[in-house]
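Colleague: I would like a close look at a single part of this model. Please take the strands as the starting point and then go on to the helix that interests us.

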Amino acid sequence: MLVQAILKSKAGSGVVTVEPSASVSQAAAILAENRIGTVIVSEDGGQTASGILSERDIVRELAASGSGCLDKPVSTYMTKKLVTASQQDSVESILSQMTEGRFRHMPVLEDGKLVGIVTLGDAVKAQLAELAMEKDALEGMIMGH
């Protein structure tokens, strides 16, 4: 299965973005409002990704430096070195990258443009669906259907 199939299956697969100059507090409000774990940091409203900020990033910084970090721009704490996928990447490949890198969200880029985001949960769900289809096919072959 390819990343492209995951993106097609996601309802309302728009990517939530925030500008690099937005405060961490504003980003936290966006995360809470949208019930998501990460925002893409984009200087141009979502065409490109300059970074990613997760709820974990915010919690780590709160623990390290206190509530003062909430007034600083997200660019201060965002992950700038993005690990990205393309729509033609396999689910197995991105699952491996996420597991090895210990992260849960991967921006999807095509020709340098942001086209979506895939979560660890999305990838696991896709793998389980594929395994269920294979199981059904094998059972059908065994039963002679």
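Which residue in β2 stands opposite V18?

Modeller: This is a predicted model, and in it V18 stands opposite V41 of β2. The strands β1 and β2, the latter covering residues 38–41, pair in the parallel sense over two bridges. Both belong to an open sheet of three strands, ordered β1-β2-β3, in which the pairing is mixed. Its edge strands are β1 (17–18) and β3 (51–54), each of which pairs on one side only. In general, strands of a sheet pair through backbone hydrogen bonds, in either the parallel or the antiparallel sense.

Now the helix. Helix α5 runs over residues 120–143 and includes L131. Its 24 residues should span 34 Å at 1.5 Å a residue, and because the end C-alpha atoms of α5 are 35 Å apart, the expected span and the model agree. Just after α5, G144 takes a positive phi of about 80°.

The residues of α5 can be taken in two groups. D122, A123, A126, Q127, E130 and G140 are buried. The buried residues of α5 pack against α1 (3–9), α4 (91–101) and β5 (113–119). V124, L128 and L131, in turn, make a nonpolar surface patch of about 270 Å². As background to such spacings, an α-helix has 3.6 residues a turn, so residues three or four places apart point the same way.

Note on methods: Residues are numbered from 1 along each chain as its sequence is written. This is a predicted model: local features need pLDDT of at least 70, side-chain atom pairs count only at pLDDT 80 or more; totals for chains, interfaces and linings use all residues. Side-chain values use heavy atoms; hydrogens and water are left out. Patches are made of residues with over 30% relative accessible area and no salt bridge: like charges are joined within 9 Å, nonpolar side chains (Val, Leu, Ile, Met, Phe, Trp, Tyr) within 5 Å. Accessible areas come from the Shrake-Rupley method with a 1.4 Å probe; for residues, only the protein chains shown count as cover. A salt bridge is a side-chain nitrogen of Lys or Arg within 4 Å of a carboxyl oxygen of Asp or Glu. Helices (H or I, at least four residues) and strands (E, at least two) are DSSP runs, numbered from the N terminus. The expected span of a helix is 1.5 Å times one less than its number of residues. Buried means under 20% relative accessible area, exposed over 50%, partly exposed in between (1.4 Å probe, protein chains only). Contact means heavy atoms within 4.5 Å. Two strands pair if DSSP finds at least two bridges between them.
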